[in-house]
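Student: Please take a close look at a single part of this model for me. I would like one connected account of how a helix in the middle sits against its neighbours.

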Amino acid sequence: MISKGCAPTVITYSILIHCYCKRKRIDEAMRLLDEMCCKGLMPNGFTYNSLIHGLCKAKSPWAAHKFFKNLWASGYSPNVVAYSVLIDGFCKHSCVDMALDLFHEMQKKLLKPDLVVYSNLIDGMFKIGKIKDAKELFSRLSIEGLKPDVFTYTIMVKGFCKEGLLDEALKVFRKMKGKGCLPNSCSYNVIIQGYLRHKDFSMAAQLINEMVGKGFSADASSMELVVNLISSEKDSAFTKVAKRL
């Protein structure tokens, strides 16, 4: 395009940087950032958020946080999305204390955490076994005027299943419909896997029938569990239901 006399714009550079970051080619993305700045083009929120996300994936959330702090030092104020990406990155690396620090920091800067931020933090809490903290964060959603979506509910269901709290998982799962948020295929697979892993075949069979009746199908993880259980267990009633998958 340059050879045709068409100069790249901020949008052009930002899209290229985003593509490089998605492919974890951070060095090339950074070179483009330097190039656009040398040409007097000002990166925008999309540009910076792409780089923060790319650094989290390709290197570490700490590398992304260093870049993030440099942005503040240069006079740029990162937005909610930037905080959300960083919080997610730290939660995925089980650095939940750092994620919480960022959560409190954005509140001090009068940036309102959105549902994505809360969902990532809840997931992070479950990952390190802080069930009470996860429940408290979930309870705060209504106080903050946020409505859980199917993604948030499924995180709760998965977290309870992981801890063996199947009754609580089922309670949240059933609560979804009453709150106008219908479970999707992922929700069903998550709770079915929970019951299968804890060898509650009766409830697993009931949920499988329900899932199939709604037109959903088992994912690869559910199928692997079912196949392994059929070959090792002698529960004929469950085997009959499992064959519907």
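**Contacts and packing**

Tutor: This is a predicted model. A single residue makes a useful warm-up: setting aside residues up to four places away in sequence, Cys161 touches Leu166, Ala169, Val190, Ile191, Gly194 and His198. Cys161 belongs to helix α9, which covers residues 150-162. Its relative accessibility is 6%, under the 20% limit, so Cys161 counts as buried. One of its partners, Val190, is 29 residues from Cys161 along the chain, and the C-alpha atoms of Cys161 and Val190 are separated by 8.1 Å.

Now to the part you asked about, helix α5, which comprises residues 80-92. Take the side towards helix α4 to begin with. Helix α4 spans residues 61-73, and α4 and α5 pack at an angle of about 155 degrees with their axes 9 Å apart. An angle over 145 degrees counts as roughly antiparallel, so α4 and α5 are roughly antiparallel to each other. Their crossing is left-handed. From α4, the residues that take part are Pro61, Trp62, Ala64, His65, Phe68 and Trp72, and they meet Ala82, Tyr83, Leu86, Gly89 and Phe90 of α5. Sorted by class, this contact of α4 with α5 has nine nonpolar residues, two polar ones and no charged ones.

The next neighbour is helix α6, residues 96-108. Here the angle between α5 and α6 is about 165 degrees, and the axes are 8 Å apart. That makes α5 roughly antiparallel to α6. The crossing of α5 and α6 is left-handed. On the α5 side, the contact uses Val80, Tyr83, Leu86, Ile87, Phe90 and Cys91; on the α6 side, it uses Val96, Met98, Ala99, Leu102, Phe103, Glu105 and Met106. By class there are 12 nonpolar residues, no polar residues and one charged residue in the contact of α5 with α6.

Put the two lists side by side. Tyr83, Leu86 and Phe90 of α5 meet residues in α4, and Tyr83, Leu86 and Phe90 also appear among the α5 residues that meet α6.

Another residue of helix α5 is Ser84. With a relative accessibility of 8%, Ser84 counts as buried. Apart from neighbours within four places in sequence, Ser84 is in contact with Val116, Val117 and Asn120.

For the wider setting, the UniProt record, an unreviewed entry, places the feature "repeat: PPR" at residues 9-43, 44-78, 79-113, 114-148, 149-183 and 184-218. Residues 44-78 are 77% helix and 0% strand, with the end C-alpha atoms 10 Å apart. Residues 114-148 are 74% helix and 0% strand, and there the end C-alpha atoms are 11 Å apart.

Two loops deserve a last remark. Most residues other than glycine have a negative phi. Lys24 is not a glycine, yet its phi is positive, at about 60 degrees. Lys24 sits in the loop between α1 (10-22) and α2 (26-38), and at 48% relative accessibility Lys24 counts as partly exposed. Lys199, also a residue other than glycine, has a positive phi near 60 degrees. The loop that holds Lys199 is the one between α11 (185-197) and α12 (201-213).

Conventions: Residues numbered from 1 in each chain as written. Predicted model: local features only at pLDDT ≥ 70, side-chain atom pairs only at ≥ 80, totals over all residues. Heavy atoms only, no water. Axes fitted to C-alpha atoms, helices over the stretch in contact; angles between N-to-C directions. Helix = DSSP H or I, 4+ residues; strand = E, 2+ residues; numbered from the N terminus. Parallel < 35°, antiparallel > 145°, perpendicular 65-115°, else oblique. Left-handed = near helix turned anticlockwise from the far one by under 90°. Contact = heavy atoms within 4.5 Å. Nonpolar A, V, L, I, M, F, W, Y, C, P; charged D, E, K, R; others polar. Buried < 20%, exposed > 50% of the residue type's maximum accessible area, 1.4 Å probe, protein only. UniProt positions renumbered as here; feature names shortened; annotations may be inferred.
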